[in-house]
Amino acid sequence: MGALLSWLFSFFTREGLPSTDPVSVPETKIPDEFPNVLRFCETSIRDLTQDDTEMQVEFIDAYFESTEEELAKLEAALAANDTQNAYIKSHSIKGAARYVGALKVAEHAYKLEMLGRDGRLVAVRAGMPALKQELQETETELRKYKDWVLQEKKHN
């Protein structure tokens with residue numbers, strides 16, 4: 001199943017495939033432990049997985065893994081002054097974030113993607129600290145949600 005999830009994430013973050021342009025994601029009521037609706041919206045991952053809790057956990061884990069890899073590749077692209085790969089890696093981070101409902105990460109990555117597309121690597125570099133901070137904060141929210149999903153699974 002892990003290989004399938006990796007393939008799915010790579011499929012949905014490639015250029016020219018299903019769009020990840022800004023979309024309106026409806027807010028939903030989520031447990032009080034998750035007050036940052038704009039940071040993480042569970043609707044995206046619940047819709048993607050059709051409320052399959054096991055799949056939600058696997059998608060969250062795949063998101064963590066793929067984002068870590070793509071962030072490292074983005075940093076390498078910036079170090080090499082590689083505009084094209086900076087654009088592509090920002091695009092990949094954005095796409096993966098949107099699929100799991102990490103909306104603020106997606107917003108930051110989208111801004112970096114557009115800057116990379118325009119060849120503005122200095123501005124992409126300047127935006128990296130904000131992206132990294134949001135990735136950390138979102139990871140905390142996703143881990144809380146994952147724990148809640150696992151707890152709910154035990155009770156059902």
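**Exercise 1.** Determine the handedness of the crossing of H5 and H6, and the relative direction of the two helices.

*Solution.* The crossing of H5 and H6 is left-handed, a term used when the near helix is turned anticlockwise from the far one by less than a right angle. This is a predicted model, in which local features need pLDDT of at least 70, side-chain atom pairs count only at pLDDT 80 or more, and totals for chains, interfaces and linings use all residues. Residues are numbered from 1 along each chain as its sequence is written, and side-chain values use heavy atoms, leaving out hydrogens and water.

Next, take the axes: those of H5 (residues 103–117) and H6 (residues 121–155) come within 9 Å and cross at roughly 165°. H5 is therefore roughly antiparallel to H6 (angles over 145 degrees).

**Exercise 2.** Find which residues make the contact of H5 with H6, and sort them by character.

*Solution.* Contact means heavy atoms within 4.5 Å. On H5, the residues include Lys104, Val105, His108 and Leu112. On H6, Met128, Leu131, Glu134 and Thr138 are among them. Sorting the residues of this contact gives ten nonpolar, four polar and two charged. Here Ala, Val, Leu, Ile, Met, Phe, Trp, Tyr, Cys and Pro count as nonpolar, Asp, Glu, Lys and Arg as charged, and the others, Gly among them, as polar.

**Exercise 3.** Describe the protein chain by its helices and strands and by its burial.

*Solution.* The protein chain has six helices (DSSP runs H or I, at least four residues) and zero strands (E, at least two). Of its 156 residues, 44% are buried (under 20% relative accessible area, 1.4 Å probe, protein chains only).

How values were computed
Buried < 20%, exposed > 50% of the residue type's maximum accessible area, 1.4 Å probe, protein only. Axes fitted to C-alpha atoms, helices over the stretch in contact; angles between N-to-C directions. Parallel < 35°, antiparallel > 145°, perpendicular 65-115°, else oblique.
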